[in-house]
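Colleague: Could you take me through one part of this model up close, the strand pairing, and then work outwards to the rest of the chain? I'd like one connected account rather than a list.

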Amino acid sequence: IVTCLLCVQLLRGAGPHLSCTMSGMAQRAWLLALLAAAACDKGPEQVPYIDVPIPETAVEVNGPNAFGAYANLAERAAGRAKLPIDARDTARNREKALREMGPLLPELASATLLPCTFLFEPVGPFDERPHEIGWLHLGRAIVLRVEQAVEEGDWDAAVHWTVVGTCFGADLCGGAVSDATLGYGVMDGVRRAMAPHVAGLPSLALDALVVGIERALRRVPDPSVTISHESALMMTAIRDLQAAHESGEVEAFAKRLYGESREAARSFGKLQGAQRSVFVQSLFDCATRVTAMLGEQANVPGLERSPIALGLVGPAATIGEQFFTAGPAWFGVRDLTIARTRLLYLTAFVCQRLRSTGAAPGDLGEATEGLNVDPFTGLPLGYIPLGQDFVVYSYGADGKDDRGDSDAERMRPDLLLEEAAL
């Protein structure tokens, strides 16, 4: 505007002189050229930072909720723990862990009898997940309690803590991927401790295991819950990266990344205006697309899932690899834990029937609906009755029925319950 006014004043002030050398039309043309130049000379373009909405995770809970007890116990566990969570697995350290966490376990066991809705709190990519340290200590203590009961031949206690650990782990699956992975770890730990001893359990303990594991499997949340929470974490990471750019703190952000992600963040820090906005928008679009694809594949058998491509290039792809790939990897962990926990349930179920009739049932039709499905194929889990013996198995990652044939780790080609001693 100032430039335009100067142009007008110039023409007015030099009018007589100009009239001697330029026609009126020429004067107007010169003025228009000056105005056009002024319009183009706006200085650096100011492109606003884009809005990155965080998906809503708050839920309303009416009635009792185990999560409140879990959160409280986690804080108390973290305060009591003197032994590092990564301490060596020695007899002395196991005893110390049980001594530190043991007084909290009865309260946790009572909480697993309540319904559970995970009250998720999205945090930044470098922040500690709420309650994580305490839950790690509690989960380890439950596994140790099962192992201790097995060593002592206290089968009622062994079954009790196996069920408690499986319920607790299942409830943790209602968080984001990191929470669910922690929960699967607890489920895996108690199952590995109990699996080799199922066939030899006393009848009452066997009955309690069947009922308890069935109840625990029913507590596993729908994967859509985990996906929505993981989406909130992806969006929070994008928001924090952009906020670091806005505050001039990209270098501090980059230093908390690892590998090539550091240089990718620094490259982003050099972008300005539209280039910066396009970079952030590409991350937002990618996170939205990944969330949608995770939702589409959540309840699809493992064999039918396809890889989820980020569709990013350059530094944006490197940032995406850092923050957007936990979900796809989580599917495989989930399939393995759910498959083997269902195998634990079915092994106990068949042993129970074998105990009462003297022979393994001809099929698994009497098992609870849905708990005999193989997560890898969507088909019924493999089952071969052999009179007073039987084999129950998952087809595993390759989806082929190898009649229960497996390797020393009982992982492939068919997946079996860990060292099941039938």
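Modeller: Sure. Strand 1 (residues 382–386) and strand 2 run antiparallel, with 5 bridges joining them. Keep in mind that this is a predicted model. At the turn end, Leu-386 sits opposite Asp-389 in strand 2. The hairpin has 2 residues between its strands, and Gly-387 takes a positive phi there, near 70 degrees. The protein chain has 2 strands in total, alongside 16 helices.

Now the stretch leading into the hairpin. Val-373 lies in the loop between helix 16 (326–357) and strand 1. Its relative accessible area is 27%, so Val-373 counts as partly exposed. Leaving out residues up to four places away in sequence, Val-373 touches Gly-378, Leu-379, Pro-380 and Leu-381, and also Arg-342. That last partner is 31 residues from Val-373 along the chain, yet their C-alpha atoms are separated by 8.1 Å.

On the other side of the hairpin, Arg-412 is in the segment after strand 2 (389–393). Arg-412 is exposed, because its relative accessibility is 51% and the cut-off is over 50%. Among residues beyond four places in sequence, Arg-412 touches Asp-405, Ser-406 and Asp-407. Asp-398 is 14 residues from Arg-412 in sequence, with 8.4 Å between the two C-alpha atoms.

Moving away from the hairpin, the interior comes next. The largest nonpolar core has 69 residues, and those with the most contacts inside it are Trp-135, Leu-138, Phe-168, Leu-209 and Tyr-345. Take Leu-209: beyond four places in sequence, its contacts are Val-159, Thr-162, Met-194, Val-198, Leu-201, Leu-344 and Ala-348. Apart from that core lies another, of 44 residues, with Ala-265, Leu-310, Phe-324 and Trp-330 among them.

Phe-168 also turns up in the surroundings of Thr-112, which touches Tyr-70, Val-164, Cys-167, Phe-168, Arg-215 and Arg-219, again not counting residues up to four places away in sequence. Thr-112 is in the loop between helix 6 (105–111) and helix 7 (132–152). Although it is a loop residue, Thr-112 is buried, because its relative accessible area is 1%.

What about the cysteines? Cys-167 is buried at a relative accessible area of 0%, and Cys-173 is buried too, at 2% relative accessibility. The disulfide count comes to 0, going by cysteine sulfur atoms within 2.5 Å of each other.

Helix 11 (residues 223–246) is worth a stop as well. Of its 24 residues, 17 are buried, so helix 11 is largely enclosed by the rest of the structure. The length checks out: at 1.5 Å a residue helix 11 should span 34 Å, and its end C-alpha atoms are 35 Å apart, which agrees. After helix 11 comes Gly-248, with a positive phi near 75 degrees.

Finally, the whole chain. Of the 422 residues in the protein chain, 47% are buried. Counting contacts with a separation of 6 or more, 70% are between residues 24 or more positions apart. The accessible surface of the protein chain is about 20,400 Å², with 55% of it belonging to carbon and sulfur atoms.

Notes: Residues are numbered from 1 along each chain as its sequence is written. This is a predicted model: local features need pLDDT of at least 70, side-chain atom pairs count only at pLDDT 80 or more; totals for chains, interfaces and linings use all residues. Side-chain values use heavy atoms; hydrogens and water are left out. Helices (H or I, at least four residues) and strands (E, at least two) are DSSP runs, numbered from the N terminus. Buried means under 20% relative accessible area, exposed over 50%, partly exposed in between (1.4 Å probe, protein chains only). Contact means heavy atoms within 4.5 Å. Two strands pair if DSSP finds at least two bridges between them. The expected span of a helix is 1.5 Å times one less than its number of residues. Accessible areas come from the Shrake-Rupley method with a 1.4 Å probe; for residues, only the protein chains shown count as cover. A nonpolar core is a set of buried Ala, Val, Leu, Ile, Met, Phe, Trp, Tyr and Cys residues joined through side-chain atoms within 4.5 Å.
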